[in-house]
Structures are given as structure tokens and as C-alpha cells.
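Work through the exercises below with the structure open. Try each task before reading its solution.

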Amino acid sequence: YKSLDYYESDDRDIFYGRQIEAVRCFRLALSHHLTVLFGASGTGKTSLLKAGIMPRLWEEDYTTAYVRALGDPLQAVRAEVLQVLRQQGRAVADPQANTLRGFFHAVLAADDRLVIFLDQFEEFFLRLGEPLRRRFWAELAAFRDATVPDAGSPPESARTEPEVRFVISLREDFLASLDEARASIPELLGDSYRLTNLSDDKASTVITEPAARAGITLAPELVTTLLDELRDREAGTIAPPQLQIV
């Protein structure tokens, strides 16, 4: 039980209650070049990314890069991708490319498959001014347009570019802020997934399974009492932070 800390990829074996969500988001990430994950604060978005989705991508030979938009997100993406590639033993240098497409084309091989996670993306709106935000959306749209063939194009016309996908994760109270990118990326809000609080059966799994891995059995009456006392009376769900603390 991790209290208010999020789950890391090494915690995959004790990350319970989000198996369905992890599979759905994993499939979304591989079905779209840009996916949005959103939910209320405390629903466990970072844990889902790190312990639920990333390990599944690694099993499919995808490389992942985890980025926080504390400053210029374009520079943060480039720095993290370079670091990940160097950790893989690749001798890559910053190509100083002017565009996101130029950067990926310079540092990735044609058969590379990369998923970039931009987590806690509400910081993008809290910390950055409009000019920097506008530049980010324009770069992202230009990269997408360069790598996704036009509808109806013959297969041979597909561009030979490395496969790069983005997952943006943010608090749902900032979801409307993404509307500023609608002109550049019309599908942005359509390819999304909402993470909600835990149902009783999922919360029960979160309570019992980590204990079982440690050889501990919890009395059913205790589990029922915990669920009854933690359940939100109106929503009928249980917030992960409250459950983890208790």
C-alpha cells in the first residue's frame, strides 16, 4: 500500500483494481497518435500510466518516455527522449533540429516505436504563456500531419517515419483548456479516456490482493466495513487516496 505515493513500473505486481482501465488505455494509445487521459485529482492517472500502461508497451517492444510540462514541453520531450535512447546504449546527440518531426527523424530509426507520456499536463496551462502553448500545438499538429497518411491514400504513399505516439494526462477540471488546440488538432478531445474512482469490486481487490501476496488474509467483515465507511454516498464510488491511506 503506497499511501499518497503513485505506483511505479516496478510496482506492477501490486497494482490492483485498474486492470480493465490499463488494457483499454493501452489499446487506445496504440490506436491513435494522440490520446488524452483525464480524471479528477487523486484517481490515480500517474499510477495507471507508470504501473498499468508502460509495462504493457514494453512487452510489445515499445520505448516509452515520461515527461512533465514544467517548462517548454518541446524541449522537455527532446531531452527525455535523448536520455531514454542513451539509456538503451545508443550514441545519440541532440541534432538541434528546428521541428519536432526533424528531431524524431534524426534520432530514431525507421522501425522505432515510441510512446511519449505528457503527465500532469494541467501544468502546461498553469505555467506557460499563450505563445509557447500555441507553438507546442502547432509543432504537434505538423508532426502528426507529416506522419499520418491522408485518408484514401494508397498504401505505397504512406510516409516512412518512425512510429511516435503521444498520451496526454491531465486533471478533468482542465479538460476544457484543451479546446485551444481544436483548430490544429480537431480530434484531440475525441480520442480520450476518463478515469473515475473505484467501484466496490475494484476497491476490494485493491484491499485484499496486496495483502494476499504477503500471505495475509483479511476477514471479509473487515473488507465490507472498509468499503462501507469509505464509499461516497452520492457517487457510490471510493477515492483511491482515502483507500490507500486507510
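Helices here are DSSP runs of H or I with at least four residues, numbered from the N terminus. The model is a predicted one.

**Exercise 1. The largest cavity**

Task: Find which helix gives the largest share of the lining of the largest cavity.

Solution:
- Start with the space. The largest cavity holds about 80 Å³.
- List the lining. H33, L34, L140, A141, F143, R144, V164, F166, I185 and E187 surround this cavity.
- Look for elements that supply at least two residues. Both α6 (130-147) and β4 do so.
- Pick the main contributor. Helix α6 provides the largest share, four residues.
- Sort by class. Seven lining residues are nonpolar, one is polar and two are charged.

**Exercise 2. The second largest cavity**

Task: State which element gives the most to the lining of the second largest cavity, and how the lining residues divide by class.

Solution:
- Set the scene. The whole structure has three cavities of 30 Å³ or more.
- Take the volume. For the second largest cavity, the value is about 50 Å³.
- Name the lining. C25, L28, A29, T35, L37, L49, I53, V167 and Y193 form it.
- Assign elements. Two or more residues come from each of α1 (19-31), β1 (34-39) and α2.
- Choose the top contributor. Helix α1 gives the most, with three residues.
- Finish with class. The lining has eight nonpolar residues, one polar and no charged.

**Exercise 3. The largest pocket**

Task: Identify the residues closest to the centre of the largest pocket, then the elements that give two or more residues to its lining.

Solution:
- Begin with volume. The largest pocket contains about 540 Å³ of space.
- Go to the centre. The lining has 27 residues, and G42, T43, G44, K45 and S47 are the closest to the pocket centre.
- Add the elements. Helix α2 (45-59), strand β4 (163-171) and helix α9 (240-245) each give two or more residues.
- Classify. Ten lining residues are nonpolar, eleven are polar and six are charged.

**Exercise 4. The second largest pocket**

Task: Work out which elements give two or more residues to the lining of the second largest pocket.

Solution:
- Note the volume, about 150 Å³.
- Read off the lining. Y1, V206, I207, L218, L222, L226, L243, Q244 and V246 make it up.
- Match residues to elements. Helices α7, α8 and α9 each contribute two or more.
- Check the classes. Eight residues are nonpolar, one is polar and none is charged.

**Exercise 5. Two packed helices**

Task: Describe how α7 packs on α8, and decide why the pair counts as oblique.

Solution:
- Choose the descriptors. Two packed helices are described by the angle between their axes and the distance between the axes.
- Apply them. Helix α7 (residues 200-213) packs on α8 (residues 220-230) at about 125 degrees, and the axes lie 10 Å apart.
- Name the geometry. Angles of 65 to 115 degrees count as roughly perpendicular and those over 145 as roughly antiparallel, so an angle of about 125 degrees makes α7 oblique to α8.
- Give the hand. The crossing of α7 past α8 is right-handed.
- List the contact. From α7 come D200, A203, S204, I207 and T208, and they meet V223, L226 and L227 of α8.
- Sort the contact. Five of these residues are nonpolar, two are polar and one is charged.
- Link back. I207 and L226 also appear in the lining of the second largest pocket.

Definitions and conventions:
Residues numbered from 1 in each chain as written. Predicted model: local features only at pLDDT ≥ 70, side-chain atom pairs only at ≥ 80, totals over all residues. Heavy atoms only, no water. Axes fitted to C-alpha atoms, helices over the stretch in contact; angles between N-to-C directions. Parallel < 35°, antiparallel > 145°, perpendicular 65-115°, else oblique. Left-handed = near helix turned anticlockwise from the far one by under 90°. Contact = heavy atoms within 4.5 Å. Nonpolar A, V, L, I, M, F, W, Y, C, P; charged D, E, K, R; others polar. 1 Å grid on protein atoms, 1.4 Å probe; cavity = no way out; pocket = protein on both sides within 12 Å on 5 of 7 lines; lining within 4 Å. Points joined across faces, edges and corners; volume = space filled by probe spheres on them.
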